[in-house]
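Colleague: Please give me a close look at the ligand site, and at the helix that packs behind it if there is something to say.

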Amino acid sequence: MTPKDFKKLGYELIDLIADYRETVKDLPVLSQAKPGDIRKLLPASPPEQPENLTGIVSEIKQLEPGFTHFQHPRFFGYFPANSELSSVLGDLLSSGLGQLGLNWQSSPALTELEEVTTDWLRQLLGLPDSFKGVIQDTASTSSLVALQCAREWATNHSQTRGGLQAEEQPLTVYVSSQSHSSIEKAALLAGFGRDTIRLLETDENHALRIDVLEQAIKDDIAKGFKPCALVAATGTTATTAFDNVTEMARLAKQYNLWLHVDAAMAGSAMILPEYRHLWQGVEGAHSVILNPHKWLGAVFDCTLFYTPYSEHLIRVMSTNPSYLQTSADGQVTNYRDWGIPLGRRFRALKLWFLLKSEGAEGLRKRLRRDLENAKWLEAQIKETANWKLVAPVQLQTVCMRYDVPGMSEEDVDKWTLEWVSRINNSGFAYLTPAKLKGRWMVHVSIGSLLTEREDVAALWQLMQTEAESK
Ligand SMILES: Cc1ncc(COP(=O)(O)O)c(C=O)c1O
């Protein structure tokens with residue numbers, strides 16, 4: 001494709017995206033496609049000859065029934081997966097410039113813009129300046145990196161000897177049973193094994209019980225294990241519960257453990273000083289991660305990984321093949337040594353565009369709007385008979401259940417799944433049913449870019465109509 005053709009088609013595609021965003025509110029939130037529906041529309045074999053791309057816009061439009069609209073104002077599922085249009089431009093630019101980070105020299109701008117934007121975010125989050133940042137693809141990868149760091153911390157770099165296999169004492173990881181599945185996966189991939197991952201009990205607010213944690217560490221030491229890592233969830237995926245980071249940092253210090261803080265979704269809220277008490281003690285962490293690609297508005301994929309122990313991280317992750325060495329080494333950051341992939345995208349552009357276009361105050365304002373909307377919904381539930389909150393509303397996630405009078409817990413479980421699926425299938429709004437301590441509940445996550453009070457009110461109206469129809 002020539003730059004001239006690129007311009008022509010590019011303008012059309014920008015129009016397509018802009019029109020999509022303007023009309024998304026009128027589309028059914030959940031894709032109504034059946035398995036195979038979209039595939040049927042697509043040729044089974046690749047084009048042998050170049051095709052004329054002028055028809056590509058209508059081809060893409062054909063796929064629309066196969067989209068679930070995360071950017072819809074009544075998308076209340078999982079977490080806000082916001083994709084701010086300014087950040088879309090940063091993403092496009094990243095691809096268009098085709099920069100590739102292999103070492104500093106391969107794109108000084110890519111490296112130095114990443115240093116600057118991660119530091120801007122650090123300031124906005126109120127993290128100490130000893131915390132150095134890097135952009136990774138996802139929280140899952142970042143937690144894997146963190147647990148690899150933990151493993152090497154506890155073994156004084158076993159990787160330079162026989163690795164984990166040569167260690168005498170098995171290493172253990174401690175995490176709440178409410179933590180995200182990516183933590184267990186990361187621990188397994190980092191070589192821990194199921195028998196050494198402690199999934200610990202939570203309290204009535206679904207946060208890790210510190211007394212249980214402390215006892216588990218002591219029991220493991222007595223049995224000959226070597227405690228290695230603590231993972232704090234701030235907040236959890238199901239209910240946005242916050243583990244007590246201060247207490248976990250105290251234990252990490254006492255037993256010389258690596259403390260990893262997973263703030264994938266809720267970390268965005270820490271740009272609001274009035275919410276920072278929720279991760280109080282975070283300066284005692286060894287690694288902290290958050291996903292600006294969730295509530296903050298950066299286009300997926302964009303995870304921030306901070307550590308005050310960047311030298312340790314670099315030692316664990318570094319490779320130094322001769323073809324990547326340059327005379328600038330020693331004076332510059334080589335981000336390939338801060339994570340798993342060698343080649344790196346120019347992801348900082350997504351954050352840079354977002355921050356410049358919204359300003360910190362614009363971001364704070366939007367998050368505060370969502371928090372107010374969540375408080376409003378919480379108040380409605382509290383005031384309405386037979387509705388109950390199953391977890392405290394700490395941020396923008398509201399978790400509830402409708403108890404049909406006289407119905408058994410098991411039947412309420414079935415009914416919950418039924419009325420939620422009616423709402424989801426209607427296309428009007430989308431919610432996530434989830435199991436909490438063995439019972440089905442409904443998780444309403446408020447915070448899509450377009451979600452206003454009237455959308456939350458319309459959802460509440462529909463929830464009452466459906467749930468109370470039994
Ligand atoms: C607390 C928490 N950790 C980790 C993840 C995984 O995020 P990612 O998709 O970036 O790997 C999620 C995603 O929902 C999450 O809520």
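Modeller: A polar contact here is a pair of N or O atoms within 3.5 Å; within protein, one must be able to donate a hydrogen and the other to accept it, and residues adjacent in sequence count only if both atoms are side-chain atoms. The model is predicted, so local features need pLDDT of at least 70 and side-chain atom pairs pLDDT 80 or more, while totals for chains, interfaces and linings use all residues. Residues are numbered from 1 along each chain as its sequence is written, and side-chain values use heavy atoms, without hydrogens or water.

A polar backbone atom of Ala139 is 2.8 Å from an oxygen atom of the ligand. Side chains also reach ligand oxygen: a polar atom of Ser140 lies at 2.5 Å, and one of Thr237 at 3.0 Å. On its own the ligand has 400 Å² of accessible area (Shrake-Rupley, 1.4 Å probe), and the protein covers 89% of that.

The shell holds 13 residues (a heavy atom within 4 Å of the ligand), and those coming nearest are Ala139, Ser140, Asp262, Asn291 and Lys294. By class, three are nonpolar, eight polar and two charged; Gly counts as polar.

As for the helix, α10 spans residues 310-317 (a DSSP run of H or I, at least four residues; strands are E, at least two). Ser310, His312, Leu313, Val316 and Met317 are buried there, meaning under 20% relative accessible area. These buried residues fall within an arc of 155° around the axis, so they line one face of α10; the arc is taken from the directions to the C-beta atoms. They pack (heavy atoms within 4.5 Å) against β1, α6 (139-154), β5 (258-262) and β7.

Conventions: Buried < 20%, exposed > 50% of the residue type's maximum accessible area, 1.4 Å probe, protein only.
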